[in-house]
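Student: Please take me through one part of this model in detail, namely the middle chain and what it touches. I would like one connected account, with the cut-offs behind each term.

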Amino acid sequence: MPYYEKDYFEIIISGVGGQGNVSSGIILGEAASCYENKFATMTCTYGTEARGTFAKSDVLIGKEFIDFYECQHPDVILVLHNKAYPKIKNKIFKDTILVVNKNEVDQIDENMGRIFSFPLSDIAFEIGSLQTINIIALAFIVGKTKFIKKSSLVNAVKNKYSNAKIKKLNMAAIERGFWLLT
Amino acid sequence: MMFASKEGRYFLQGNIAVGEAAIMSGARFFAGYPITPSSEIAEHASVSLPDVGGTYIQMEDEIGSIAAVIGASMTGVKAYTATSGPGISLMGENIGLACMVEAPCVIITVQRAGPSTGLATKPAQGDFLQIRHGTHGDHMIIALSPASVQECFDLTIQAFNFSERFRCPVFLVLDGIIGKMYETVEIPKRDKIEIVNRKKATGQPEKFQPYKTDEDLVPPFAPFGSSFIARANGSGHGIDGYPSADANNHEQLVYRLINKIERYKEEISLFKKFNTSDADILMISYGCSVRPAMAAMKKAREEGIKVGVLQLQTLWPFPIDIIKSFISKVRLVLIPELSLGQLKSEIIKYSKDIPVIGINKLGGISIQPEDILNVLYKEIAK
Amino acid sequence: MKYNGKKYIKKELLPFFWCPGCGNGIIFAAMTRAMEENNLKKKDIVAVTGIGCWGKADDYLTTHAFHGTHGRAIPVATGVKLANPLLNVFALVGDGDGATIGGNHLIHAARRNIDIIVVMSNNLNYGMTGGQYSGTTPYSSITSTSRTGHVEDGFDVSSLVKSAGAGYVAKTTIANPRMIQKFISKAIKKKYGFRFIEIISICPTHYGKYNKMNNAVGMIKDIKQRTINIKKAEQLSPKELENKIIVGEYNDQNIEGYIQRYRKKINK
């Protein structure tokens, strides 16, 4: 079944603190809630310090109210950092799409999940800010699975950033993320 | 800067939804001491209250915070504070003061794993009895508990309304999961939100008696600064607000403070039921643990097991009649909660010979649907 | 004296419940005269008290009153004032309420310069509960919980409040009712900021009895003998100041009050 026909979609955004796991989860939740009339939840897990330790967000999106707020069977897992991989490994199912930041994650089990690996840090750097790494990845994931519309992602990102320069960077990041599909 | 000043759909954190609803309820004063996992409520208040002409103050501790909230309330302003279990421990004495002087206020507590500092950033539901019995002396307390971000918004409005109507402190009980999670929330139009304000004193100011009640056992309110001279008294007092150590007077006063709430218990007892009509197994839960219970219920139903969920939105006064009526129709009761069975300890008082099984978890992590299903299967197999 | 403060006094409830010789009646009378001197309306005054002998003062006032828990008068008063800045808010605290169990509230209220008046009756012990030692009980004094002499030193509360940042700090004794009235009156006139008036009082029933200080007359005489003005004290050595009660204005500056500052910051 194509993802956009599913009633329910689970994604884990994982990395280390400071990589924008929370803000990108909020963008997804807003895209689904505010622009598609869907329901979404997000719960976050951190290490004890905010920066540099494992951090993940579980984002669940559905056509109806979501009962349980933790990912049980993720459709997609985004892994931005080596430190995150061992922590999410037990959530990788055969059909799970694993989007990996090649620059920071090197030790992965090639047999687990459907792996899409990109040098996301390099790409973000090219765009002009490492901060855009999440948006590039989200755009790729949205394009790949179509669980929300591109326009919803664009609207949520536009709404999130009031600073014109940052907004422009993130718009470029979305386009770059979609370009990765080609 | 409010986040949801207009009606519509939002994706908000539970703590923020509480803050938004507080402002919409008309709250204009917040005094608090930041504590994880409630701090976003204080941060939100510090930013939002000035925009609506309100005041935020960060006090030196939780004792001072609740004291300032009570003081502010007596000027006629809707006031609130937010904390977690350790803060409630410190507020204990003055929660009784709020009951006794009949200061409407809302106390938000976002439960975390204790005892003591415990797991400061991790959720729990171990303060169920603290909320009821945290202050000394015979008294009654109203406590509401949301299980979603939408309910964070809706029940905050309700908490302010109850506190105004009954002139008493009202607890809004979150936990680290519901407070910190983000979720879709629908903010209604302002004119669709019912806002209750406390009854005002009327008549001749010279004849005003600050604790003379109406038929509903609630005394009309006169704010400090009005020509109705008000006296708030935390010691035993007569209807004039002056101290009284008379035995009969004390008995009447304490009974009234309890009965003004007890009498309206049916209206106060809010709950939700899911698939209970044909259920022969019932899960009773509140707050975050409702969510895995819902998921487990759906899974069990797919397998033909007739499970229902009763979600308590009102924790206190304990909805005895509701509990009794639902329990009497089933053969098994399961109680998922992030504590060692505090809700269960209350329910078993009314369950007679129907088996009641707790599903309990410590460690600051959520109950999983499988945790519930495992117990369910085991019990059915018996 | 020109003023009698009568309109603020609930005469039906007189006489005061305080013991014969207690200093609280003197403070109470001086305070109500200061209110009258400034023509304060009853409805614009809120008296906030905690628990203790001086915590009963609100019972005799015809103003708005809040009688709360032990030690918490200052934070309650803080909430009242912030929620309705037009009110004249008085926190009436003893040495137990204000400087001991509520000591942290006192120093923080002084630091943030919250716009309330604190009138502290300091009788050096817990009078209401039988004369136990408090945070101001002097070293070696006898109390019901220091029968062989108090181990600790007492706070010099006015110096403490001054160093915590209060704009107006004044200290006097019950031996000088005019000075009590003058300081409270000045505090009212100042309108803004944290204003603290400490009045050294006496407790003949307990502290006086335990320390064999005769009766109230003797205790007041003793206070008079030990009293020295702050200006004069500046010229004396610590040795010479030992056992002295230094009265006068410890601090008299016009520091912006909390409410003014808050408004400025939030309107940025």
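Tutor: What follows goes from the domains of chain B to its contacts, its sheets and its core.

This is a predicted model, in which local features need pLDDT of at least 70 and side-chain atom pairs count only at pLDDT 80 or more, while totals for chains, interfaces and linings use all residues. Residues are numbered from 1 along each chain as its sequence is written, and chains are lettered from A and ligands numbered from 1 in the order in which they are written.

Chain B is assigned domain 1 (8–192) and domain 2 (270–381), with bounds that come from an automatic or database domain assignment. Taken over C-alpha atoms, the centres of domain 1 of chain B and domain 2 of chain B are 26 Å apart. Their contact involves 25 residues of domain 1 of chain B and 21 residues of domain 2 of chain B, where two residues are in contact if their C-beta atoms, placed from the backbone, lie within 7 Å. On the domain 1 side, two or more residues each come from β6 (119–123), α5 (128–133), β7 (142–144), α6 (149–166), β8 (169–175) and α7 (176–180) of chain B; such helices (H or I, at least four residues) and strands (E, at least two) are DSSP runs numbered from the N terminus. On that side of domain 1 of chain B, α5(B) gives the most, with four residues. Sorted by class, that side of domain 1 of chain B has 18 nonpolar, three polar and four charged residues (Ala, Val, Leu, Ile, Met, Phe, Trp, Tyr, Cys and Pro count as nonpolar, Asp, Glu, Lys and Arg as charged, and the others, Gly among them, as polar).

Domain 2 of chain B leads to a sheet. Five strands of chain B form an open sheet with mixed pairing, in the order β11-β13-β12-β15-β16, and two strands count as paired if DSSP finds at least two bridges between them. Because β11 (271–274) and β16 (356–360) of chain B stand at the edges with a single partner strand each, one side of each has no neighbour in the sheet. From one strand to the next the twist averages 20°. Within this sheet, β12 (residues 281–285) of chain B runs parallel to β15 (residues 332–337) of chain B and is joined to it by three bridges, and M283(B) has L334(B) as its bridge partner in β15(B). Helix α10 (residues 290–302) of chain B lies across β11, β12, β13 (307–312) and β15 of chain B, at about 165° to β13(B); axes are lines fitted to C-alpha atoms, for helices over the stretch in contact, and angles run from 0 to 180 degrees between N-to-C directions.

Chain B also shares a sheet with chain A. Eight strands make up this open sheet of mixed pairing, in the order β6(A)-β5(A)-β4(A)-β1(A)-β3(A)-β2(A)-β9(B)-β1(B). Its edge strands are β6 (114–118) of chain A and β1 (8–13) of chain B, each pairing on one side only.

Turning to chain C, of the two pairs of chains that touch, chains B and C have the most contacts, whereas no contact joins chain A and chain C, whose closest C-alpha atoms lie 20 Å apart. The contact of chains B and C takes 35 residues from chain B and 29 residues from chain C. On the chain C side, β2 (64–67), α2 (73–83) and α4 (103–112) each supply at least two residues, and the largest share, eight residues, comes from α2(C). By class, that side of chain C has twelve nonpolar, twelve polar and five charged residues. Strand β10 (residues 231–233) of chain B runs parallel to β2(C) and is joined to it by three bridges, with H67(C) as the bridge partner of N233(B).

Finally, the largest nonpolar core has 255 residues, and those with the most contacts inside it are I70(B), I142(B), L172(B), V48(C) and V80(C). Such a core is a set of buried Ala, Val, Leu, Ile, Met, Phe, Trp, Tyr and Cys residues joined through C-beta atoms within 7 Å, a residue being buried if 20 or more other C-beta atoms lie within 10 Å of its own, exposed if 12 or fewer, and partly exposed in between, with C-beta atoms placed from the backbone. Domain 1 (8–192) and domain 2 (270–381) of chain B both give residues to this core, so the core lies between them. Setting aside neighbours within four places in sequence, the contacts of V80(C) include G71(B), A72(B), M74(B), T75(B) and F224(B), as well as V46(C) and V48(C).
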